[in-house]
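Please look over the sequence and the model below before reading on. The report deals with how side chains are packed in the interior and how aromatic rings are paired.

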Amino acid sequence: APLVLNAAFALAPLLLKAIAHYQGRSSKTDIQYSLVRKFSVFLFVESFVVAVVSQPVVDMLNDILGRRWERLLQALRETFPSKSSLFFNMLLQKALISMPVQLLKPGPLFFGILGQLSSFRARPRSIHEWTRPEELELGVEVPQYVVFLLHITLAFMSITPLTVLGGLVYFALAYLVYRHCALYNCQVKHEAGGIFWKRVAQQLV
């Protein structure tokens, strides 16, 4: 189940970008700015609402109609702890799989090696395209790797304290990986003037 969720999270930004283009957002800054909110909301709905509280909501409607409040509270108390293992596994997958992939960047690595092998007949512009730093998309990276995983850690830390350990491992590795990424092999092509911080702070709260 965590693997399926991670696959959905990887495909969602492509659809959200298409929606942003359809809305008439033309600049990269505007698209990434809109993705911070859209992708954060998607991650919250997909994980917490669908995976955690969907069944309690169905029970809630029945219980509200029947005025059985005790059963509603009991369903919520039973659902949240049972889903904690799902999100703990997701934290570990992000830490032990996504972070090494983010560090190695197999796509640019493959095309870079391919470009080096064919550089004897390639034009200088092509060589520059193969070896230039990868663009860091803040509208995708921040909601998926910061906002969503911090929400998981904070939501389940009081129910399953082991979640704190998973969050600690993830954010420690993410700090090292993204520090290296920001210093050496990633770049943000658009200048946003700090507007992303306000949007990220709103989504964190």
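What follows describes the nonpolar cores, the aromatic pairs and one buried serine in this predicted model.

In soluble globular proteins, nonpolar side chains tend to be buried together. Here the largest nonpolar core comprises 27 residues, among which Met99, Phe148, Ile152 and Tyr170 touch the most other members. At least two residues of this core come from each of helix 1 (2-22), helix 2 (28-52), helix 4 (69-104), helix 7 (138-156) and helix 8 (162-185). Not counting residues up to four places away in sequence, Met99 touches Lys94, Tyr145, Tyr170, Leu173, Ala174, Val177 and Tyr178. A second core, separate from this one, has five residues, including Val36, Val147, Phe196 and Val200.

Three aromatic pairs are found in the structure, and two of them are listed here.

| Pair | Distance between ring centres | Angle between planes | Class |
|---|---|---|---|
| Tyr145 and Tyr178 | 6.2 Å | 50° | tilted |
| Tyr170 and Phe171 | 4.9 Å | 75° | edge-to-face |

The pair of Tyr145 in helix 7 and Tyr178 in helix 8 links distant parts of the chain, with these positions 33 residues apart in numbering. Tyr145 has a relative accessible area of 12% and is buried. Tyr170 is likewise buried, at 0% relative accessibility, whereas its partner Phe171 is partly exposed at 26%.

Ser34, which lies in helix 2, has a relative accessibility of 4% and therefore counts as buried, the cut-off being under 20%. When neighbours within four places in sequence are left aside, Ser34 is in contact with Ala20, Arg25 and Arg199.

Notes
Residues are numbered from 1 along each chain as its sequence is written. This is a predicted model: local features need pLDDT of at least 70, side-chain atom pairs count only at pLDDT 80 or more; totals for chains, interfaces and linings use all residues. Side-chain values use heavy atoms; hydrogens and water are left out. A nonpolar core is a set of buried Ala, Val, Leu, Ile, Met, Phe, Trp, Tyr and Cys residues joined through side-chain atoms within 4.5 Å. Buried means under 20% relative accessible area, exposed over 50%, partly exposed in between (1.4 Å probe, protein chains only). Helices (H or I, at least four residues) and strands (E, at least two) are DSSP runs, numbered from the N terminus. Contact means heavy atoms within 4.5 Å. Rings of Phe, Tyr and Trp (its six-membered ring) pair if their centres lie within 6.5 Å; planes under 30 degrees apart count as stacked, over 60 as edge-to-face and the rest as tilted.
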